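Student: I am new to this structure and would like to go through it slowly, asking at each step what a term rests on. Could we look at it together?

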Amino acid sequence: MLKAGKVTLVNDLVEDLKKAKSVVLVNYAGLNVKSQQELKHRLNAVGGRMVVVKNTLLKRAIESAKLDAKSTTDDILSGQTAIVIADADPVAPIQVLPAIRVHPQVAALALRLQVAPHLRVPPPPRQAVQA
């Protein structure tokens, strides 16, 4: 991506962060394409969306939006990071996260809600198979 494209992406992300009702950072490592599509579909249904962006660009956007500086540490912004943005209901997108089969401990940080420094999402319960 050219530098002009990165600047535009960061500016758009800053506007999205300022308008958002809640923002959650999620490490999506190990999530296959089908699961990512399902997650994006479920988030869209509840007024949220997931954006995959480079950590350095996300760090710049968070700093420009004047959000919590604790969320820009290298411990949090490492690996494969996606940002879940809630445009309407601030809690509904967070409730969708456990419904998707992901790693047992998905690192997430609620920037505006300040739910917890790290929200650990348990794996979904196993459903009994009917005979």
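Tutor: Let us begin with one pair of residues: Gly48 stands opposite Ala86 in β3. The model is a predicted one, in which local features need pLDDT of at least 70 and side-chain atom pairs count only at pLDDT 80 or more, while totals for chains, interfaces and linings use all residues. Residues are numbered from 1 along each chain as its sequence is written, and side-chain values use heavy atoms, with hydrogens and water left out.

Student: What makes β2 and β3 a pair, and in which sense do they run?

Tutor: Two strands pair if DSSP finds at least two bridges between them; strands themselves are DSSP runs of E with at least two residues, and helices are runs of H or I with at least four, numbered from the N terminus. Strand β2, residues 48–52, has five bridges to β3 in the antiparallel sense, so the definition of a pair is met.

Student: Which residue of β3 is the bridge partner of Val23?

Tutor: The partner of Val23 is Ile85, and β1 and β3 pair in the antiparallel sense over six bridges.

Student: Why is β3 called largely enclosed?

Tutor: Buried means under 20% relative accessible area, exposed over 50%, and partly exposed in between, with a 1.4 Å probe and protein chains only. Six of the six residues of β3 are buried, so the strand is largely enclosed by the rest of the structure. Thr81, Ile83 and Ile85 point one way, Ala82, Val84 and Ala86 the other way, and all are buried.

Student: Why does Ser22 count as buried?

Tutor: Ser22, which lies in strand β1, has 2% relative accessibility and therefore counts as buried. A polar atom of its side chain lies 2.7 Å from the backbone oxygen of Pro90.

Student: What makes a set of residues a nonpolar core, and how many residues has the largest?

Tutor: Such a core is a set of buried Ala, Val, Leu, Ile, Met, Phe, Trp, Tyr and Cys residues joined through side-chain atoms within 4.5 Å. The largest has 17 residues, and those with the most contacts inside it include Leu13, Leu58 and Ile83. The elements giving two or more residues to this core are α1 (3–19), β1 (22–27), α3 (55–64) and β3 (81–86).

Student: Which residues does Ile83 contact, leaving aside its neighbours within four places in sequence?

Tutor: Contact means heavy atoms within 4.5 Å, and the residues that Ile83 meets in this way include Leu17, Val24, Arg49 and Val51.

Conventions. A polar contact is a pair of N or O atoms within 3.5 Å; within protein, one must be able to donate a hydrogen and the other to accept it, and residues adjacent in sequence count only if both atoms are side-chain atoms.
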